[in-house]
Amino acid sequence: MNYLRAENLSKRFGERVLFENISYTLSKGNRVALIAKNGTGKTSLLNLLTQSDEPDAGTVVIDKNIKWAYLEQEPRFHATNTVWEAVFNSDNEVLKAVAEYEWCMEEMENNSHDEALQNRLQNAMEQMDVFQAWDIEARVHTILTQLNLQHHLNHTANQLSGGQKKRLALARVLIQSPDMLILDEPTNHLDIPMIEWLEAYLKSQDVTLLLVTHDRYFLDNVCNEIIELDLGQLFTYRGNYAYFLEKKEQRETYQAKEADEARKMARKELEWMRRQPKARTTKSKSRIDAYYDLKEKASFKKDDKQVEIQMQMQRMGSKIIEVYQLCKSYENLKIVEDFTYLFKPGERIGVIGKNGVGKSTFLNLLQGLEKQDSGKVVKGETVRFGYYGQQGLQLKEDKRVVEVITDIAEYLEVGKGVKLTAIALLRMFLFDAKKQHNFVSSLSGGEKRRLYLLTILMKKPNFLILDEPTNDLDIETLNVLEEFLEGFDGCLLVVTHDRYFMDTLVDKLFVFEGDGHIRDFNGNYQDYLNELEENKQMAYALKQEMAKPKLEAQVVAPVKVVEKKKLSFKEQRELEQLDESIATGTNRKQELESLLASGSPNHEEIASWANELEQVKAKLDEQELRWLELTE
């Protein structure tokens with residue numbers, strides 16, 4: 001069954017052709033990722049497929065019998081709408097029933113004796129029964145909690161940050177439970193736990209997907225097909241990202257060989273075209289048509305352009321950054337508490353943690369852009385920062401691309417006696433001669449980020465700090481950026497939600513665990529996940545062991561031949577207390593998991609349960625590891 005069908009679509013902006021005569025069919029059950037370079041028309045294509053824009057030619061048909069939703073790259077809301085109103089701004093009758101019930105419940109808190117309101121609440125509850133919407137109401141609260149919107153329900157859209165608006169838009173489309181979802185960069189502005197939750201959620205739903213994403217792990221975990229928009233054509237690959245890379249290389253190699261043969265033949269046909277008489281026969285006309293087909297095939301050229309970044313960095317001394325007992329808080333929110341660390345030359349560190357824990361603030365503290373409450377940050381004299389930050393992406397829209405670079409320098413030294421002009425540098429970053437003289441305002445989001453990255457690297461930093469560098473970059477640019485950073489000899493500190501990017505580059509993590517505590521972890525993100533899983537399995541095994549009858553433990557004990565160190569009285573007492581505390585914590589954990597599974601109409605209550613569950617789990621992990629130390 002076909003949910004969406006596009007036939008012979010064409011779109012151009014002025015003289016620039018994005019694509020011409022492309023067709024695609026999205027069938028029920030497909031989960032498709034759309035891949036293309038920045039600026040080649042991914043978002044434009046999605047806007048055509050969702051009928052948000054009109055094609056120059058061609059048609060788009062969406063099955064009228066299905067529900068579908070579109071997550072735009074730049075979502076729009078009415079400025080005065082609250083988060084709650086935006087979530088339920090839908091023609092869906094079930095969601096309208098849930099919204100009416102929620103409104104009545106909120107009003108009842110202050111007007112519980114209002115008879116008219118009581119009658120309205122009764123009608124709302126009857127509608128909830130009719131639509132069997134109680135499970136949906138609980139799911140709404142779960143989605144809002146997972147996307148960290150539960151504390152902002154009464155905020156208006158103009159009070160939200162860009163990231164909160166994107167998460168609100170995502171919540172709105174998920175809550176509608178559509179048959180078909182079209183998502184433009186759904187993982188932007190999500191932290192890693194949110195992305196992992198979204199992966200699991202989409203995999204659990206019976207939904208047809210078409211999405212644009214640069215997150216390669218997300219792509220592999222969610223999608224079963226890739227379509228690539230390249231040179232104005234669509235190519236389909238039924239497999240994961242590795243399969244796509246393999247088949248793309250084969251396709252381009254074949255096309256290059258075919259084009260080479262076509263060029264040789266076209267030269268012969270061109271001679272015939274020049275000799276032919278003006279009076280054309282039917283036979284000669286068919287040969288002429290064949291010539292133009294051949295000419296088009298011969299025009300294919302394998303795109304081998306890459307962002308070749310080879311920058312000369314400033315020399316770095318042995319003293320990098322020394323951090324002593326760093327503390328920073330905002331009212332009741334602790335960002336950093338008593339953090340001490342000495343950075344070493346060439347370190348590559350990833351920074352992970354939930355949104356809102358203060359990762360960007362931490363980066364600012366290291367650079368002296370914000371003042372700490374206490375402690376010291378001592379920077380080495382030779383350290384030169386290159387900061388690619390969220391707030392720094394403020395290129396002047398009325399400037400031409402080449403002017404942005406020449407304002408920094410006319411040329412850049414990239415080696416001994418080797419200099420590159422601004423024009424040459426821009427060409428390396430895939431800005432051709434025509435695009436270099438375009439205004440910044442005409443660039444796509446990814447092209448602006450690529451230009452911004454160049455402005456950072458031109459300053460020849462030896463300590464790179466990257467805050468969410470992967471947002472809006474296409475996968476090809478990400479691959480090249482990764483290659484450059486792998487060869488970068490300076491220090492690297494990166495905040496990113498792209499797990500593939502992080503696993504490729506870092507060998508150490510700063511894990512923001514909340515309440516100002518930063519854990520220094522040796523290893524990349526996959527290593528960190530593996531440790532969490534091992535601790536989880538160890539804790540489960542310990543619980544199973546603890547659940548066995550005492551008599552069984554006594555029978556098994558003599559078999560052990562490991563010589564044990566005798567516990568002190570204090571340690572023995574601690575072990576007994578841990579037994580009791582772990583049992584109590586385990587019971588509470590089970591209660592909270594049961595409560596969350598059953599749901600609640602009170603979103604604050606759900607958030608409270610979720611927060612308490614995290615605290616209980618963390619405490620249990622700590623207690624169980626200590627219990628293991630004592631028993632061993």
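Asp53 counts as partly exposed in this predicted model, at 30% relative accessibility, where partly exposed denotes the range between buried (under 20% relative accessible area) and exposed (over 50%), computed with a 1.4 Å probe on protein chains only. The side chain of Asp53 meets that of Lys11 in a salt bridge with an N to O distance of 3.3 Å; the term requires a side-chain nitrogen of Lys or Arg within 4 Å of a carboxyl oxygen of Asp or Glu. Because Lys11 lies in strand β1 (residues 2–13) and Asp53 in the loop between α1 (42–49) and β4 (57–62), the pair ties together parts that are 42 residues apart in sequence. Lys11 itself is buried, with a relative accessible area of 9%. Helices (H or I, at least four residues) and strands (E, at least two) are DSSP runs, numbered from the N terminus.

The model is predicted, and local features need pLDDT of at least 70, side-chain atom pairs count only at pLDDT 80 or more, and totals for chains, interfaces and linings use all residues. Residues are numbered from 1 along each chain as its sequence is written, and side-chain values use heavy atoms, with hydrogens and water left out.

Over the whole structure, 24 salt bridges are found. Asp215 and Arg499 form one such bridge, their closest N and O atoms being 3.6 Å apart. Asp215 is situated in the loop between β7 (208–212) and α8 (216–222) and Arg499 in helix α17 (residues 499–505), so this pair ties together parts that are 284 residues apart in sequence. Both Asp215 and Arg499 are buried. A further salt bridge joins the side chains of Arg76 and Glu72 at 2.5 Å, N to O; Arg76 is exposed, at 61% relative accessibility. In addition, a network of salt bridges links Glu228, Asp230, Lys248, Arg251 and Glu252.

Six strands form an open sheet with mixed pairing, in the order β5-β6-β7-β3-β8-β9, two strands being paired if DSSP finds at least two bridges between them. At the edges stand β5 (68–71) and β9 (233–237), each of which pairs on one side only. From one strand to the next, the twist averages 15°. Within the sheet, β3 (residues 31–35) and β8 (residues 225–230) are paired in the parallel sense over four bridges, and Ala33 has Ile226 in β8 as its bridge partner.

Helix α6 (residues 162–175) lies across β5 and β6 (180–184) and runs at about 170° to β5. Axes are lines fitted to C-alpha atoms, for helices over the stretch in contact, and angles run from 0 to 180 degrees between N-to-C directions. The axes of α6 and helix α5 (residues 134–146) come within 10 Å and cross at roughly 155°. The two helices are therefore roughly antiparallel to each other, a description applied to angles over 145 degrees. At this interface, Arg139, Val140, Ile143 and Leu144 in α5 meet Ala171, Leu174 and Ile175 in α6, contact meaning heavy atoms within 4.5 Å.

Elsewhere, Lys589 lies in helix α20 (residues 569–598). Lys589 is buried, with a relative accessible area of 18%. When neighbours within four places in sequence are left aside, Lys589 is in contact with Lys543, Leu613, Val616, Lys617 and Leu620.

Technical notes: Angles under 35 degrees count as roughly parallel, over 145 as roughly antiparallel, 65 to 115 as roughly perpendicular and the rest as oblique.
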